[in-house]
Amino acid sequence: MSEETKINKTPSTRKSRTRLDESLLVPVVSRVKGGLTYKSSRTHQIYRFDDFGDEQVMELSELRTMLSSQRAFLQRGWLEILDDEIVQYLNIEKFQTKVVTDEDIEILFMSSPEEVKDVLGEANTNTKRAVFGFARDKYINGTLINVHLIKAIEDSLGEKLDPNI
């Protein structure tokens, strides 16, 4: 190498990552219709979520343990981490895109039957179960009355919303 090349080379600057306190409490919410239970493999603490939308707080260290030992809770969109900084810190942005919120489901129920079929055709199992649970509840209490939308949901999920059939 020539002297000129040696002088012009700059050492690569490595971005230093800020370490967060592992005891930091992080809000998480269940995105599963029905009950969800997480038992820590490290502390054996049990976290119970009774229904879709139930919220609890977990330590950052617990979320890290979940990510390494029971990844499905995050990967399948069963739990949503409500702190964007923590989502970035744990590098799980791609998992959080699979999370289905109450708002997403309400928008789906206002969509056309064709759109519902398209969305449910590409949806993961958790999303399908959540949509079915909410659709059945709405059907039973009489707020889901559009027969075309009901048929689209039933055809897409392969189940009847009427529990008496």
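Colleague: Is Lys138 buried or exposed?
Modeller: This is a predicted model, so local features need pLDDT of at least 70, side-chain atom pairs count only at pLDDT 80 or more, and totals for chains, interfaces and linings use all residues. Residues are numbered from 1 along each chain as its sequence is written, and side-chain values use heavy atoms, with hydrogens and water left out. Buried means under 20% relative accessible area, exposed over 50%, partly exposed in between (1.4 Å probe, protein chains only). Lys138 has a relative accessible area of 19%, so the class is buried.

Colleague: Where does Lys138 lie?
Modeller: Helices (H or I, at least four residues) and strands (E, at least two) are DSSP runs, numbered from the N terminus. Contact means heavy atoms within 4.5 Å. Leaving aside neighbours within four places in sequence, Lys138 is in contact with Glu106, Phe109, Thr143 and Leu144. Its own element is helix 8.

Colleague: How many helices and strands are there in the protein chain?
Modeller: From the N terminus on, the elements run α-β-β-β-β-α-α-β-α-α-α-α-α-α. The totals are nine helices and five strands.

Colleague: What share of the 165 residues in the protein chain is buried?
Modeller: Contacts give some background: of those with a separation of 6 or more, 60% join residues 24 or more positions apart. The share of buried residues is 38%.

Colleague: In what order do the three strands of the open sheet run?
Modeller: Two strands pair if DSSP finds at least two bridges between them. The pairing in this sheet is antiparallel. Strand 4 (55–59) and strand 5 (79–81) are the edge strands, as each pairs on one side only. The order is 4-1-5.

Colleague: By what average angle are neighbouring strands of this sheet turned against each other?
Modeller: Axes are lines fitted to C-alpha atoms, for helices over the stretch in contact, and angles run from 0 to 180 degrees between N-to-C directions. With direction ignored, the average is 40°.

Colleague: Which helix packs on the sheet?
Modeller: The packing helix touches strand 1, strand 4 and strand 5. Its direction makes about 90° with that of strand 4. The element covers residues 60–69 and is helix 2.

Colleague: Which residue of strand 5 is the bridge partner of Val28?
Modeller: Strand 1 (residues 25–30) and strand 5 run antiparallel and are joined by three bridges. The partner of Val28 is Ile81.

Colleague: The side chain of Glu80 makes a polar contact with which residue?
Modeller: Glu80 lies in strand 5 and counts as buried because its relative accessibility is 16%. Residues more than four places away that Glu80 touches include Pro27, Gln96 and Thr101. A polar contact is a pair of N or O atoms within 3.5 Å; within protein, one must be able to donate a hydrogen and the other to accept it, and residues adjacent in sequence count only if both atoms are side-chain atoms. Here the distance is 2.9 Å, and the partner is Arg31.

Colleague: Which side chains of strand 2 point to one face and are buried?
Modeller: Side chains alternate along strand 2 (residues 36–39). Thr37 and Lys39 point to the other face and are not buried. The buried ones are Leu36 and Tyr38.

Colleague: Which residue in the turn between strand 2 and strand 3 has a positive phi?
Modeller: Four bridges join antiparallel strand 2 and strand 3 (residues 46–49). The two form a hairpin with six residues between them. The residue is exposed because its relative accessibility is 52%. Phi is about 65°, although this is not a glycine: it is His44.

Colleague: Which helix gives the largest share of the lining of the largest pocket?
Modeller: On a 1 Å grid over the protein atoms alone, a cavity is a set of points where a 1.4 Å probe fits but cannot get out, and a pocket is an open set with protein on both sides within 12 Å along at least five of seven lines; lining residues have an atom within 4 Å of a point. Helix 6 (102–109), helix 7 (113–122) and helix 8 (125–140) each supply at least two lining residues. The largest share, four residues, comes from helix 6.
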